[in-house]
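Student: I would like a close look at a single part of this protein, with the surroundings brought in where they help. Please take it slowly and define the terms as you go.

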Amino acid sequence: MIVITAPTGNIGRPLLSRLLESGPAAGEELRVIVRDPARLPDAARGRVEVITGSHGDAEVLDRAFEGAGAVFWLVPPDASLTPQDAFSGFARPAVKALAAHGVGHVVGVSALGRGTPLADRAGLVTASLAMDDLIAGSGVAYRALANPSFFENLLEESGSIRDKGVFTDVVDADRKAPLVACADIAAVAAGLLLDRSWTGTDSVPVLGPQDLSPNDLARIMTEQLGRPVRYQRQSLDELYTTLVGHGLNEAFVRGIVDMKRAKDQGLDAGVARTPDTASPTGFAPWCAQTLKPAVLS
């Protein structure tokens, strides 16, 4: 039995699709924890066991982890909380439930940066790494998927790209860094969940096929969308003021700002890209398949 949290999100949805294809042949049953079952894909209906509720709820987890051999763990950060509460606080009921039900393996979504000089001052990334330590301390075999920023973050900019031809961030326009498609993260997660011969605790970097700067992204988007797109750098102070103005918890916003600052200082550059850490989806085909329909809709 594999339990999937956040099965309707950018990573959980392609993961669920992969496990629906490959899980039965491997003798795996699937169980999902979801707040709104209506958001599950049609292909999942009648083929997965559904536990309705939040995977931050101890009672929900008690039902979901009963008889489970493996769990896919993803925390949807709650911007109304502090980073510590949003990650480790959210995960504490799961840590107890993992131990209580003897779950053997957990694959979690995490971030790059462990072992770097920036790891202890990287805001949300620091909080995510602390959550990894908390889960690993439960005694399960744990693999933390160490990810850079996602291609899918640009979907939040689709309106600005469509209306103004502009996307924003706070990093230097020429700073190259790894970027990854969520479907590639899902593919790595599926492989680990289906072949549970691994033991102990480790990080598994998923780095995409190449490092790209904001200027590289702008050039590729211009080519793929058939319209000019440019990068506009935002200051950290402006980002902080904007997010606080939207009503987010000030400590959480500070966590975002600290994470962004650390990324601009090279947080994601600590792992070499090798055949084992690279993933296949390039930014240009992702733009054509995913971003272009969102921008032109």
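Which residue in β6 is the bridge partner of V107?

Tutor: The bridge partner of V107 in β6 is R143. Before building outwards from that pair, two remarks on the model are needed. It is a predicted model, in which local features need pLDDT of at least 70 and side-chain atom pairs count only at pLDDT 80 or more, while totals for chains, interfaces and linings use all residues. Residues are numbered from 1 along each chain as its sequence is written, and side-chain values use heavy atoms, with hydrogens and water left out.

The V107 to R143 pair belongs to a ladder of seven bridges that joins strand β5 (residues 105-111) to strand β6 (residues 141-147), the two strands running parallel. Strands here are DSSP runs of E with at least two residues, helices are runs of H or I with at least four residues, and both are numbered from the N terminus. Two strands pair if DSSP finds at least two bridges between them. In general, strands of a sheet pair through backbone hydrogen bonds, either parallel or antiparallel.

β5 and β6 sit side by side in an open sheet of seven strands, whose order is β3-β2-β1-β4-β5-β6-β10 and whose pairing is parallel. At the edges of this sheet lie β3 (49-52) and β10 (201-205), each of which pairs on one side only. From one strand to the next the twist averages 20 degrees.

Turning to the helices, α3 (residues 83-101) and α4 (residues 124-136) have axes that come within 9 Å and cross at roughly 15 degrees. That angle makes α3 roughly parallel to α4, a description used for angles under 35 degrees, with over 145 counted as roughly antiparallel, 65 to 115 as roughly perpendicular and the rest as oblique. The axes are lines fitted to C-alpha atoms, for helices over the stretch in contact, and angles run from 0 to 180 degrees between N-to-C directions. The crossing of α3 and α4 is right-handed, meaning that the near helix is turned clockwise from the far one by less than a right angle, whereas an anticlockwise turn would be left-handed. Among the residues in contact (heavy atoms within 4.5 Å) are F87, A91 and V95 of α3 and A127, M131 and L134 of α4. The residues of this contact divide into eleven nonpolar, three polar and one charged, where Ala, Val, Leu, Ile, Met, Phe, Trp, Tyr, Cys and Pro count as nonpolar, Asp, Glu, Lys and Arg as charged, and the others, Gly among them, as polar.

A second open sheet has three strands in the order β7-β9-β11, with mixed pairing. Its edge strands, β7 (149-150) and β11 (211-212), each pair on one side only. Two bridges join β7 to β9 (residues 177-180), and these strands run parallel; the bridge partner of F150 in β9 is V180. A177 also lies in β9, and, leaving aside residues up to four places away in sequence, A177 touches Q210, D211 and L212.

For the chain as a whole, there are ten helices and twelve strands. The radius of gyration, taken over C-alpha atoms, is compared with a globule rule of 2.2 Å times the number of residues to the power 0.38. The value for this chain is 19 Å, close to the 19 Å that the rule gives for 297 residues, so the chain is as compact as a globular protein of that length.
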